[in-house]
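Let's take a walk through this one, with the helix packing up front and the aromatic rings and a couple of backbone oddities after that. Keep the viewer open as you read.

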Amino acid sequence: MDSTAIDRFDTSRFEASRNRLASLAYRLLGSATDAEDAVQDAFLHWQAADRQRIKVPEAWLTKVVTNLCLDRLRSAQARRERTAGAWMPEPLLDGDVLLGPADTFEQRESVSLALLTLMERLSPLERAVYVLREAFSYGHAEIAEILDIAESASQQHLHRARRRITAARRGDSEVDPASARRIVEEFLAAAASGRTERLVALLTDDATAISDGAGGTAEKLLRFDTPQRIAAVVRAGFKPTAAKRRLAGGTPAIHYAVVNGAPALLFVLVDQVIGAVTFDIAGGRIATVRGIAAPARLVRLTEAWREHGPDTPLVAQW
């Protein structure tokens with residue numbers, strides 16, 4: 001086999017793992033852009049390596065991508081961004097390849113915006129062990145090899161990660177899709193009508209709302225921690241005004257969607273997603289509302305939406 005044929009063969013071996021590697025990197029970093037960058041860096045490592053000596057490419061590439069992600073999580077820039085109070089996960093539309101394996105509850109939960117946010121409380125190593133074990137079913141011996149740690153250390157990191165996530169998790173069951181949609185449609189109807197009391201009734205007693213501000217311009221995430229305050233903010237935010245339409249650049253439609261496995265409302269102007277509101281539901285009520293409007297966070301979601309094709313909006317003209 002000549003060198004060109006070998007390069008093509010080796011490239012095809014890498015491409016066979018690309019989607020899995022990207023879904024791993026997304027879970028570790030919470031950012032589609034950073035995940036794609038990490039995978040591209042791994043490809044450069046792959047090209048530079050003595051590939052004939054790599055016996056199991058999948059294992060080798062998993063180790064490279066995991067450690068590239070750990071380097072990013074440990075970098076000074078990442079620490080500044082994530083501790084400044086302005087970081088939130090990048091949302092993905094249902095069906096995106098970065099959402100990766102979804103056969104088990106643990107795999108589906110591992111890409112939820114709720115869990116990606118909770119994993120910010122973990123150390124980089126705890127996060128890596130948790131993702132490799134829960135989402136990709138690696139054994140502790142394999143994880144120890146990937147991370148260059150002892151097998152007992154892998155077990156300890158997993159124990160601590162599970163304990164921290166369990167302590168902070170709000171409900172651990174999946175919501176029936178039809179029920180989730182009904183609750184979100186009720187939320188939209190109550191918000192549009194200005195019925196604050198109905199909004200409060202739809203929220204859990206300890207509900208939280210998080211937003212990156214109008215146009216995604218807030219320097220720090222805005223947080224609201226009582227049902228009454230959340231209802232007031234939602235009522236004001238969902239009320240269309242001429243000023244809001246000028247800021248949006250027109251009159252968007254509101255569509256129902258599934259984002260990172262959770263129900264969501266998308267504000268779409270022509271074929272551009274200019275805002276997303278996602279919901280975590282627990283016990284038949286809304287536990288968390290996330291408002292995402294920063295254009296950089298909506299790039300991939302917009303691309304997926306354009307491929308998704310139009311559907312009937314819940315609100316044709318907001």
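**Helices, rings and two odd backbones**

Start with helix H7 (residues 124-134) and helix H8 (residues 140-147): their axes come within 10 Å and cross at roughly 135 degrees. Bear in mind that this is a predicted model. An angle over 145 degrees would count as roughly antiparallel, and H7 and H8 are therefore oblique to each other. As for handedness, the crossing of H7 and H8 is right-handed. On the H7 side, the contact is made by Leu125, Ala128, Val129, Leu132 and Arg133, while H8 brings in His140, Ile143, Ile146 and Leu147. Sort the residues of this H7 and H8 contact by class and you get seven nonpolar, one polar and one charged.

Now stay with H8 and turn to its other partner. H8 and H9 pack with their axes 8 Å apart, at an angle of about 100 degrees. Angles of 65 to 115 degrees count as roughly perpendicular, so that is the label for H8 and H9. Which residues meet here? From H8 they are His140, Ala141, Ile143 and Ala144, and from H9 they are Glu151, Ser154, Gln155 and Leu158. By class, the contact of H8 with H9 has four nonpolar, three polar and one charged residues. You'll recognise His140 and Ile143, since both are listed for H8 in its contact with H7 and in its contact with H9.

Between H8 and helix H9 (151-168) there is a loop, and aspartate 148 is found in it. Have a look at its backbone: aspartate 148 has a positive phi of about 60 degrees although it is not a glycine. Is aspartate 148 buried or exposed? Its relative accessibility is 58%, so aspartate 148 counts as exposed.

There's another residue of this kind further along the chain. Valine 270, not a glycine either, has a positive phi of about 60 degrees. You'll find valine 270 in the loop between E4 and strand E5 (272-282). With a relative accessible area of 79%, valine 270 is exposed.

On to the rings. How many aromatic pairs does the structure hold? There are six. One of them is formed by phenylalanine 14 and phenylalanine 43. That pair is tilted, at 4.9 Å centre to centre with 55 degrees between the planes. Phenylalanine 14 sits in helix H1 (residues 3-29) and phenylalanine 43 in helix H2 (residues 32-48), so the pair ties together parts that are 29 residues apart in sequence. The cut-off for buried is under 20% relative accessible area; phenylalanine 14 is buried at 0%, and phenylalanine 43 counts as buried at 12%.

Phenylalanine 267 and tryptophan 318 form an aromatic pair as well, this one edge-to-face, with 5.5 Å centre to centre and 90 degrees between the planes. It links distant parts of the chain, 51 residues apart: phenylalanine 267 is in strand E4 (residues 262-269) and tryptophan 318 in the segment after helix H14 (299-308). Here too the partners are buried, phenylalanine 267 with a relative accessible area of 12% and tryptophan 318 with 10%.

To finish, put that pair in its wider setting: Phe267 and Trp318 belong to one aromatic cluster together with Phe187, Phe238 and Phe279.

Definitions and conventions. Residues are numbered from 1 along each chain as its sequence is written. This is a predicted model: local features need pLDDT of at least 70, side-chain atom pairs count only at pLDDT 80 or more; totals for chains, interfaces and linings use all residues. Side-chain values use heavy atoms; hydrogens and water are left out. Axes are lines fitted to C-alpha atoms, for helices over the stretch in contact, and angles run from 0 to 180 degrees between N-to-C directions. Helices (H or I, at least four residues) and strands (E, at least two) are DSSP runs, numbered from the N terminus. Angles under 35 degrees count as roughly parallel, over 145 as roughly antiparallel, 65 to 115 as roughly perpendicular and the rest as oblique. A crossing is left-handed if the near helix is turned anticlockwise from the far one by less than a right angle, and right-handed if clockwise. Contact means heavy atoms within 4.5 Å. Ala, Val, Leu, Ile, Met, Phe, Trp, Tyr, Cys and Pro count as nonpolar, Asp, Glu, Lys and Arg as charged, and the others, Gly among them, as polar. Rings of Phe, Tyr and Trp (its six-membered ring) pair if their centres lie within 6.5 Å; planes under 30 degrees apart count as stacked, over 60 as edge-to-face and the rest as tilted. Buried means under 20% relative accessible area, exposed over 50%, partly exposed in between (1.4 Å probe, protein chains only).
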